[in-house]
Amino acid sequence: MADSYSRISHALKALRKERGWSLDKTASETGVSKAMLGQIEREESSPTIATLWKIANGFNIPFSTFIVDCSPDAKKTIHSAGKSEPLHPQETKIKVFSLFPYDKELHYEIFLIELEPGCEHISPPHNPGVIEHVLVASGNMQIFVDGAWKALKQGEGLRFDASKPHGYRNTSQQIAIIHDIIHYM
Ligand code: MN
């Protein structure tokens, strides 16, 4: 837990330093309050996935570059089980793991996401040009896209414009496991 707090805090401070952004500027670019940003930097808070996405969107960076080391070599063989550590300190209904972090040449990142029964997660819209491909590895789940919930079963996939409002939920009694490939222009 402490590790996650620290990793996110360091990433945020490094980004602000690199851009020369004050807390005020960062708050206005991300839509996350100055108080919350301060708490994250002081490792006092547990930002939600939605908050982390707002920060990534505001800095216009892929989600995984914000929190994990990204491999620079796309030609290298990588065997990833994904299940290292969720990409956020505290969230019980949805767990997001980095399967393949963002690659600067390929312009995408792949997440392994577990949705517990009863989970409903609405994502803040990402920046223009961001496309998501959701592939259901196990269980059943639904995706909110184009103003309605669409049901997906194991083995099915959905591609959508992630710059529009979208969400993920599991109304079944079993855990749902999905792969989310996020492509950036
Ligand atoms: Mn999303």
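How many bridges join β2 to strand β9, and in which sense do the two run? Eight is the count to keep in mind: 8 bridges, with the strands antiparallel. Before going on, a caution: this is a predicted model.

Let me start with the strands.

β2 covers residues 108-115. Of its 8 residues, 7 are buried, so the strand is mostly covered. β9 covers residues 176-183. Two pairs give you the register. L112 has H179 as its bridge partner in β9. I110 stands opposite I181 in β9.

β2 also pairs with β1, residues 94-103. That pairing is antiparallel too, over 7 bridges. Look at K95: its bridge partner in β2 is E114. β1 and β2 form a hairpin, with 4 residues between them. In that turn sits H107, with a positive phi of about 65°.

One residue of β1 to pick out is D103. Buried or exposed? D103 counts as buried, because its relative accessibility is 8% and the cut-off for buried is under 20%. For a sense of distance, take D103 and G20. They are 83 residues apart along the chain, and their C-alpha atoms are separated by 25 Å.

Back to β9. Which strand pairs with β9 over 7 bridges? That is β4, residues 131-138, again in the antiparallel sense. Here V136 has I178 as its bridge partner in β9.

Now the side chains of β9. They alternate along the strand. A176, I178, D180 and I182 point to one face, and these are buried. I177, H179, I181 and H183 point to the other face, and these are not buried. Tie that to the pairs: I178, the partner of V136, belongs to the buried set. H179, the partner of L112, belongs to the set that is not buried. So does I181, which I110 stands opposite.

Next, an open sheet.

It has 4 strands, in the order β3-β8-β5-β6, with antiparallel pairing. Which strands stand at the edges? β3, at 120-123, and β6, at 148-153. Each has a single partner strand, so one side of each is left without a neighbour in the sheet. On average, neighbouring strands here are turned by 20° against each other, direction ignored.

Take the β3 edge. β3 pairs with β8, residues 166-169, in the antiparallel sense over 4 bridges. H121 stands opposite Y168 in β8.

On to the helices.

First, α2 and α3. α2 is residues 23-30, and α3 is residues 34-41. They pack at an angle of about 115°, with axes 9 Å apart. The two are therefore roughly perpendicular to each other. Their crossing is right-handed. Who meets whom? From α2 come L23, D24, T26, A27 and T30; from α3 come K34, L37, G38 and E41. By class, this contact has 3 nonpolar, 3 polar and 3 charged residues.

Second, α2 and α4. These axes come within 8 Å and cross at roughly 100°. This pair, too, is therefore roughly perpendicular. On the α2 side we have T26, E29 and T30. On the α4 side we have K54, I55, G58 and F59. The classes here are 2 nonpolar, 3 polar and 2 charged. Note T26 and T30: they meet α3, and they meet α4.

α4 itself is residues 49-59. Why call it largely enclosed by the rest of the structure? Because 9 of its 11 residues are buried. The buried ones are I49, T51, L52, W53, I55, A56, N57, G58 and F59. Among them are I55, G58 and F59, which meet α2. Right after α4 comes N60, with a positive phi near 60°.

Last stop: the loop between α3 and α4, where S45 sits. S45 counts as buried, because its relative accessibility is 8%. What does S45 contact, leaving aside neighbours within four places in sequence? Y5, M36, Q39 and I40.

To recap. β2 pairs with β1 over 7 bridges, and with β9 over 8. β9 also pairs with β4. α2 is roughly perpendicular to α3, and roughly perpendicular to α4. Over to you.

Key:
Residues numbered from 1 in each chain as written. Predicted model: local features only at pLDDT ≥ 70, side-chain atom pairs only at ≥ 80, totals over all residues. Heavy atoms only, no water. Buried < 20%, exposed > 50% of the residue type's maximum accessible area, 1.4 Å probe, protein only. Pairing = 2+ DSSP bridges. Axes fitted to C-alpha atoms, helices over the stretch in contact; angles between N-to-C directions. Parallel < 35°, antiparallel > 145°, perpendicular 65-115°, else oblique. Left-handed = near helix turned anticlockwise from the far one by under 90°. Contact = heavy atoms within 4.5 Å. Nonpolar A, V, L, I, M, F, W, Y, C, P; charged D, E, K, R; others polar.
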